[in-house]
Amino acid sequence: MQLNQLKIFHEQAFIAGKWCDAQNQQSTAIINPATMQIIGHVPNMGKAEAEIAIQAAKQAYPEWKAKTAKERSIILKKWNDLLLEHLDELAFILTSEQGKPLSEAQGEIRYAASFVEWFAEEAKRTYGDVIPSPDSDAQIIVTKQPIGIVAAITPWNFPAAMITRKVAPALAAGCPCIVKPAPETPFTALAMLDLAIQAGVPAEIFSVITGDAIQIGDAFFESNDVRKLTFTGSTPVGKLLLEKSAKTMKKVSLELGGNAPFIIFNDANIDAAVEGALAAKFRNAGQTCVCVNRFLVQAGVYDQFIAKFKERIQKFSVGSGLEPIHDIGPLINKNAISKVKAHIQDAVEKGAKLIVGGKGHCLGELFFEPTLIIDVTTEMDVATQETFGPLAAIFKFEDEKQALEMANATEFGLASYCYTNDLGRAWRMSQQLEYGMVGINKGLISNEVSPFGGIKSSGLGREGSKYGIEDYMEIKYTMFGGLK
Ligand code: SIN
């Protein structure tokens, strides 16, 4: 496959219903992290173009909002079908700009499409309420209305799924959407938009704008017409965006950083725990916000778990995501590599043992060997900071109380995992882990039907599930009086 021969590969942004270049005619080169080669360019747009997209969305909004839920649902179902029909092309574009293995990219496109299918269905279920009135001459009804223009700022680690997890509920609810994709991965966003327009989403209702994040963000934050901001990314940036959104009192959803614990008790099925651990740690080369950051292993199975886990990590094949034999692709950039190295160095200096990997891979500067370190303690940086790379760090604990204390000793509260065959303990852990999501005997917990999101510094709001559309709607209460 050749990128520039694909009809859905675009090197222009799509704003106000048109494919466009930047007004200043400048563009930015996008690289393949596996080869460091330029694969294309996208326009370097700014505030002026973002304002054009907002104005176009404002004009088109009344018509989209007035459609019946069923009409919007039919269009979204068509978009889902087109995403699946173009699965191989989309996965190829995704791997070319992001680096993950093609099989994972295909999985991500299916995952992305599943949100479109799900919210096509949920569009028809945004029920209201009738409330018994305290006045005998009155009736009270509660309805839900679309919130208005949605600005979505999306990350590079899931260039497809993090767009549909936001855009599909927004469109389903009747909102226009303007997406600012991550600077590293714009082509997947533009390709998916092309298919949305082919499916019948009115062109002015959905824009994808590439370019200067600060300028584009400023246009969003200054606009009273943009009523909702949804962001996936780091906690420091999320906090800044929340502050900036206050000026125009936008509703905000934030899906931010994590520091996921993965607890393995003596009574766990160790083989199952190893399988879960591999998926929960090394998916996307460790670059997901639900990736395990801390393995907490009880003393009685510590050596056994490490021996089995080590054997499997050594079998991973590292290489370009476009070559189907590899399990782990490159990291996204040099900063990502530096962070993994720094966490390993800090841990080893403070007494951790390096068991597997530990250095850059001979394939190129963005490849890193899958790494296992053991005897990690709470004084080491990896205990409190998210690595976001292929480093598995193993801590030892003695009893349930200690495991819980260690697991909850973080400002983050996104995903957590626990392996045990004791039903009572499983329930206690599910209730006492201070996280938005808990996987009991499960290492992969992301899907379209469940509410994805965190507490504490991991964010606000939930994505996916029946709750996900609520973030794109306002509740309105009407009292009808004089009814005697
Ligand atoms: C993320 O890393 O932001 C999302 C991961 C997922 O959906 O599983």
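**Figure 1. Pairing of Ala-415 with Met-437 between strands S18 and S19 of the predicted model.** Met-437 in S19 is the bridge partner of Ala-415. S18 (residues 415-419) and S19 run parallel and are joined by four bridges; two strands pair if DSSP finds at least two bridges between them. Strands are DSSP runs (E, at least two residues) and helices likewise (H or I, at least four), numbered from the N terminus. Together with helix H13 (residues 423-432), S18 and S19 form a right-handed β-α-β unit; with the strands pointing away from the viewer, the path from the first strand over the helix to the second runs clockwise. The model is predicted, and local features need pLDDT of at least 70, side-chain atom pairs count only at pLDDT 80 or more, and totals for chains, interfaces and linings use all residues. Residues are numbered from 1 along each chain as its sequence is written, and side-chain values use heavy atoms, with hydrogens and water left out.

**Figure 2. Side-chain alternation along strand S19 (residues 437-440).** Met-437 and Gly-439 point to one face and are buried, whereas Val-438 and Ile-440 point to the other and are not. Buried denotes under 20% relative accessible area, exposed over 50%, and partly exposed in between (1.4 Å probe, protein chains only).

**Figure 3. The open seven-stranded sheet.** The strand order is S14-S15-S16-S13-S12-S18-S19, with mixed pairing. S14 (353-356) and S19 are the edge strands, each pairing on one side only. From one strand to the next, the twist averages 20°. S13 (residues 292-298) pairs with S16 (residues 391-397) in the parallel sense over four bridges, and Gln-298 has Phe-397 of S16 as its bridge partner.

**Figure 4. Helix H11 (residues 334-349) on the sheet.** H11 lies across S14, S15 and S16 and runs at about 35° to S16. Axes are lines fitted to C-alpha atoms, for helices over the stretch in contact, and angles run from 0 to 180 degrees between N-to-C directions.

**Figure 5. Packing of helices H3 (residues 87-98) and H4 (residues 102-122).** The axes lie 8 Å apart at an angle of about 120°. H3 and H4 are therefore oblique to each other (under 35 degrees is roughly parallel, over 145 roughly antiparallel, 65 to 115 roughly perpendicular and the rest oblique). Residues making the contact (heavy atoms within 4.5 Å) include Leu-87, Phe-92 and Thr-95 of H3 and Leu-102, Ile-109 and Arg-110 of H4.

**Figure 6. Surroundings of Thr-28 in strand S3 (residues 27-31).** Thr-28 counts as partly exposed because its relative accessibility is 34%. Not counting residues up to four places away in sequence, Thr-28 touches Gly-40, His-41, Val-42 and Asn-44.
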